[in-house]
Amino acid sequence: MPGSVVRVVDVYPYRESAVNPEFLLLRRAPGTEYAGQWRMVGGKIESVEAAWETAHREVTEETGHAPDRLWTLPSVNAFYEWQDDRINLIPAFAAALPGDPVLDDEHDAFAWLPAEEAAGRLAWPEQQRLLRLADQTLRAGIPPQLVVRTPPE
C-alpha cells in the first residue's frame, strides 16, 4: 500500500490590478532544477516549520518581498510517484505581493499574467488547476478563515 508524504508547498503569488488579478511566474535559470520552466513559488518544508511558515519564507526568499496577505487554498496538490510508491500531498497557498520580484540566482525572468495565460505556462495539471482555483477564490472573495494570521513576533 502506498504511503503519503507532505514535504513541500506550492504558492501562487498575485497582484490585484484594477480589473483582474495577475499571477507571478518565475522562469528557472540555466543550471537549476527545472531550468527554463515557468513556475510559481515552491519549496521544501523544514522540520521546524508549519506549512504556512514555509510558504511565507519561500515567497520572501524567491521574490524579495514578504507577502501583504497569505492565504491557503481550499485544496491541495496531490499526485502519485510510482518510483517510490508514494502519494504526495502539497499544501497550496496564494500570496499578495507589493511589487515586482527581485530575481535571485534561481530565476532569470518573471512575468505577471492573467490566470488563464499563467496556467497555460505551468507544466503540471494540478498546478494549473490550483492557479485557476486561486483566481476563482480571489474573484469571489477570500473567506476569512483561509487567511493566515501570523502570530506577533
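In which strand is the place of N77? N77 sits in strand β6, residues 69–81. The views below come from a predicted model, in which local features need pLDDT of at least 70 and side-chain atom pairs count only at pLDDT 80 or more, while totals for chains, interfaces and linings use all residues. Residues are numbered from 1 along each chain as its sequence is written, and side-chain values use heavy atoms, with hydrogens and water left out.

**View 1. Surroundings of N77 in strand β6.** Strands (E, at least two residues) and helices (H or I, at least four) are DSSP runs, numbered from the N terminus. N77 has a relative accessibility of 3% and so counts as buried (buried is under 20% relative accessible area, exposed over 50%, partly exposed in between; 1.4 Å probe, protein chains only). Its side chain makes a polar contact of 2.9 Å with that of D10 (a pair of N or O atoms within 3.5 Å; within protein, one must be able to donate a hydrogen and the other to accept it, and residues adjacent in sequence count only if both atoms are side-chain atoms). Apart from neighbours within four places in sequence, the contacts of N77 are D10, N88, L89, I90, E126, Q127 and L130 (contact means heavy atoms within 4.5 Å).

**View 2. Salt bridge between R15 and D100.** The N to O distance between these side chains is 3.7 Å (a salt bridge is a side-chain nitrogen of Lys or Arg within 4 Å of a carboxyl oxygen of Asp or Glu). R15 belongs to strand β2 (residues 8–16) and D100 to the loop between β7 (86–96) and β8 (107–113), so the pair ties together parts 85 residues apart in sequence. R15 is partly exposed at 31% relative accessibility, and D100 is partly exposed at 40%. Side chains of opposite charge can pair when their charged atoms come close. The whole structure contains 16 salt bridges.

**View 3. Salt bridge within helix α2, from E117 to R121.** The two side chains meet at 3.7 Å, N to O. Both residues lie in helix α2 (residues 115–121), four residues apart, about one turn of the helix. E117 has a relative accessibility of 40% and counts as partly exposed; R121, at 33%, is also partly exposed.

**View 4. Salt-bridge network of E46, E49, R57, E58 and E61.** These residues are joined into one network by salt bridges that share partners. Within the E49–R57 pair, the closest N and O atoms are 2.6 Å apart. E49 is buried at 16% relative accessibility, and R57 is buried at 17%.
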